[in-house]
Amino acid sequence: MDYLKILGFQLNVQLDCDYKNEFLIETEALKKDMECVKEIIKIKNPDIIIFPEMCYIRANDDYYNELSNGRLVIAGSIYNQGINITIVYKDGKQYCIPKYNVSGSEPMIRNIRNGTVEEFMKNKLDEHTFYFNDKKLIILNCMEYYQNAHYIVRSVDDLFGIICICSNNNPRVFLDESRVIHNHREDIYTFMVNCVSTYQGKDYGNGKSYIYGPIQGHEKEWLLKEGILMDDYVSSILRLGNESEYFYGEFINNFSRFGRSDSYMNNPKNIEVGMIRKKVLKK
């Protein structure tokens with residue numbers, strides 16, 4: 001059984017906006033973080049790499065493109081002509097996915113009509129759907145998860161999980177939504193990658209990225225002993241704090257819950273959480 005190796009980065013960024021667009025300010029601190037990010041990617045050699053909403057760096061386009069050979073790279077998002085676009089790379093090809101649902105705090109709300117769940121499921125779900133090693137993943141941008149994920153997991157078969165990128169100052173609301181979702185589908189994952197940000201000079205995105213999904217009780221006990229933070233919920237695998245951090249793990253979604261079972265497969269494997277710049281990595 002193939003495990004998916006997934007690496008997510010909770011970047012610390014500065015954002016600004018006008019009446020139409022939001023902007024990522026490419027600070028020296030962000031450039032230093034990205035140097036460390038590239039080194040972590042080399043060491044962990046993941047199948048899937050996730051950056052938060054509003055964290056796409058256009059100057060790194062060639063890097064993302066090359067990185068995606070044999071990989072799926074969710075490079076974040078960027079505003080283009082007033083629309084928030086999720087940028088995904090797979091096998092050297094770039095996919096640009098317009099954000100479908102937005103909150104009232106986003107400039108984009110002035111440029112679009114918020115669509116319905118029915119419209120999303122019928123007309124937009126396919127462009128959010130990607131496959132890696134025959135595993136189906138749906139990539140959503142922040143409010144797209146909050147508005148549609150409950151309906152996706154109740155109607156989409158053979159789903160490995162949902163990857164959601166955020167720039168969010170209230171991840172608790174999304175966490176509540178995830179608990180409802182995982183009450184119904186205990187065999188799928190949510191990989192929620194938020195940023196830590198200032199917005200027009202004030203604290204905004206507060207991190208707390210997390211993973212929900214199938215996890216064995218024995219592994220939960222080991223992770224707690226290793227100091228991995230998680231929520232008091234059966235499907236909680238890990239959560240980050242509110243600094244510039246990353247998570248890594250190897251995941252499957254068909255497994256036995258019972259350690260005495262002949263078909264027992266440990267899940268997840270090799271979970272690691274660390275600071276992007278402070279952690280000393282060894283090959």
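1. In what order do the 7 strands of the open sheet stand? The order is β7-β6-β5-β4-β1-β16-β17, and the pairing is mixed. Keep in mind that this is a predicted model.

2. The sheet has two edge strands, β7 (93-98) and β17 (269-275), and each of them pairs on one side only. From one strand to the next, the twist averages 20 degrees.

3. At the β17 edge, the partner is β16, residues 245-251. These two strands run antiparallel and are joined over 5 bridges. Within this part of the sheet, tyrosine 248 is placed opposite glutamate 272 of β17.

4. Helix α1 (residues 28-44) packs on the sheet. The strands that helix α1 touches are β1 (4-10), β4 (48-50), β16 and β17. The direction of α1 makes about 165 degrees with that of β1.

5. The largest pocket has a volume of about 210 Å³. Its lining has 15 residues, and those nearest the centre are Ser103, Ser105, Glu106, Ser167 and Tyr204. By class, the lining of this pocket holds 6 nonpolar, 5 polar and 4 charged residues.

6. The second largest pocket holds about 180 Å³ of space. Which helix gives the largest share of its lining? That share, 3 residues, comes from helix α5 (residues 171-184). Among the lining residues are Pro171, Arg172 and Leu175, and also Asn206, Lys208, Tyr210, Asp231 and Arg239. The classes here are 3 nonpolar, 3 polar and 4 charged.

Conventions: Residues are numbered from 1 along each chain as its sequence is written. This is a predicted model: local features need pLDDT of at least 70, side-chain atom pairs count only at pLDDT 80 or more; totals for chains, interfaces and linings use all residues. Side-chain values use heavy atoms; hydrogens and water are left out. Two strands pair if DSSP finds at least two bridges between them. Helices (H or I, at least four residues) and strands (E, at least two) are DSSP runs, numbered from the N terminus. Axes are lines fitted to C-alpha atoms, for helices over the stretch in contact, and angles run from 0 to 180 degrees between N-to-C directions. Contact means heavy atoms within 4.5 Å. On a 1 Å grid over the protein atoms alone, a cavity is a set of points where a 1.4 Å probe fits but cannot get out, and a pocket is an open set with protein on both sides within 12 Å along at least five of seven lines; lining residues have an atom within 4 Å of a point. Grid points are joined across faces, edges and corners, and a volume is the space filled by probe spheres set on the points. Ala, Val, Leu, Ile, Met, Phe, Trp, Tyr, Cys and Pro count as nonpolar, Asp, Glu, Lys and Arg as charged, and the others, Gly among them, as polar.
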